[in-house]
Amino acid sequence: MAVAIDPYAIYAQAQAYWLAQRYPQQLQYRVVVRILEAGKERVERYESRYDASSDAIDVNPVSDYERDNPVRPSGLNIGILGYRIGKPLPQVDFLGVPVLAPTYTFGMASFVPAPEPTPFNSEALVNEIRREYNDPNPRVTPTPTPPAEPPVIAVVVAAHRNYAITFAGAETIAGHPCYHLRLRAVRDPGKYRLRDLWIDQGTTATWRLAVGSNFLTGPGTKIPWTVDFVEINGVQYIDQETAAVPMSVAGEIYTQTVVGFENVRPLEDNAIPMPPQFQWHDVLQEPVAMPTPSPDR
């Protein structure tokens, strides 16, 4: 007999897992932007910091690539009647200055995960999410393992729900047996961007997700992305975000685009001070976290 897998319960457990995360109050890390253009890989790294108490991101806007490859104009690059003559100057910031934090949840949590004793991660808030989805304790209540035969897929669509969620099967992501959930935005798909989730069958951690678009501005807002997560010192961070299709940026075609995070760690006392923060013209930034979606029964 096929076992009914309730995707809404799995989704709720994944949300509770995010709400239970504890991060250092201040982080330092590098944002890595990796592109493949005309068969050539280019990589740039930006030293960055994040303060969870103020949700502030500081970044050195001069990447290592920019330091090693300063732009030196040569040849013709003039305009006549609005048309450019000659090859445009090469992009220094491939996607703009990345003002990004590795703790972003893509709407899985409606808050900035922060350290205790802030109220965001309080046990009471986690219990509130569990009560909302009639889940007394997902950590001790095992979710049934999908049987060999196709399980019954539960699909419930009701008014005022942000997503309709279906169970798409069991898959292994980076060695973790996961439930694969598919999400369809019932309304405002530009705001509710989640399209797929891969949730750990044991811990309910999110190891991968897919979004229909990414970032606030730029070419990434028009294409889908896949996001992979990694565990560092017992908590989850974004590992990398990968564009699903090529994109056109300032006259160049990036056949592959990956935005990742390296060397994520608590801010060190002897860290080099960041330069003053300004409003840059081109910025790579995620939308402000939306209220937690409510796929209630």
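Here is a short tour of a predicted model of one protein chain, from its overall make-up down to a few of its residues and hollows.

**The chain as a whole**

Let's start with the broad view. The protein chain has 297 residues, and 44% of them count as buried. Its secondary structure comes to 17 strands and three helices. Take the contacts between residues at least 6 apart in sequence: 59% of these join residues at least 24 apart. As for the outside, the accessible surface adds up to about 15,000 Å², with 55% of that belonging to carbon and sulfur atoms.

**Strand 16 and its partners**

A good place to zoom in is strand 16, which covers residues 252-266. Which strands pair with it in the antiparallel sense? Strand 2 does, strand 14 does, and so does strand 15. The table sets these pairings side by side.

| Partner of strand 16 | Residues of partner | Bridges |
|---|---|---|
| Strand 2 | 26-37 | 10 bridges |
| Strand 14 | 235-243 | three bridges |
| Strand 15 | 247-249 | three bridges |

Some individual residues help you find these pairings in the 3D view. Val32 has Gly260 of strand 16 as its bridge partner, while Glu241 is bridged to Val259 of strand 16. Over at strand 15, Met247 stands opposite Tyr254 in strand 16. Strands 15 and 16 form a hairpin with two residues between the strands, and there Ala250 takes a positive phi near 50°.

Now pick out Thr257, which also sits in strand 16. Is Thr257 buried or exposed? Its relative accessible area is 2%, under the 20% cut-off, so Thr257 counts as buried. Leaving out residues up to four places away in sequence, Thr257 touches Arg34, Ile35, Leu95, Trp225, Glu241, Thr242, Ala243 and Met247.

**Glu286, a buried charged residue**

Glu241 turns up again in the surroundings of Glu286. Glu286 lies in the segment that follows strand 17, residues 283-285. Glu is classed as charged, and with a relative accessibility of 10%, Glu286 counts as buried. What does Glu286 contact, once neighbours within four places in sequence are set aside? The list runs Leu100, Tyr104, Phe106, Arg193, Asn214, Phe215, Leu216 and Glu241.

**A small look at the hollows**

Next come the empty spaces. Rolling a probe the size of a water molecule over the atoms reveals where space is left empty. The structure holds two cavities of 30 Å³ or more, and the second largest cavity contains about 40 Å³ of space. Its lining is made up of Leu95, Phe215, Thr217, Gly218, Pro219, Gly220, Trp225, Met247 and Leu284. Some of these names are familiar: Leu95, Trp225 and Met247 also touch Thr257, and Phe215 is in contact with Glu286. By class, six residues of this lining are nonpolar and three are polar, with no charged ones.

The second largest pocket has a volume of about 260 Å³. It is lined by 19 residues, and those closest to its centre are Glu47, Arg49, Asn60, Ile272 and Met274. Which part of the chain gives the largest share of this lining? Strand 3 does, with four residues. Strand 2, strand 3 (40-51) and helix 2 (64-68) each supply at least two. By class, the pocket lining has eight charged, seven nonpolar and four polar residues.

Technical notes: Residues numbered from 1 in each chain as written. Predicted model: local features only at pLDDT ≥ 70, side-chain atom pairs only at ≥ 80, totals over all residues. Heavy atoms only, no water. Pairing = 2+ DSSP bridges. Buried < 20%, exposed > 50% of the residue type's maximum accessible area, 1.4 Å probe, protein only. Contact = heavy atoms within 4.5 Å. 1 Å grid on protein atoms, 1.4 Å probe; cavity = no way out; pocket = protein on both sides within 12 Å on 5 of 7 lines; lining within 4 Å. Points joined across faces, edges and corners; volume = space filled by probe spheres on them. Areas by Shrake-Rupley, 256 points an atom, 1.4 Å probe, with all protein chains shown as cover.
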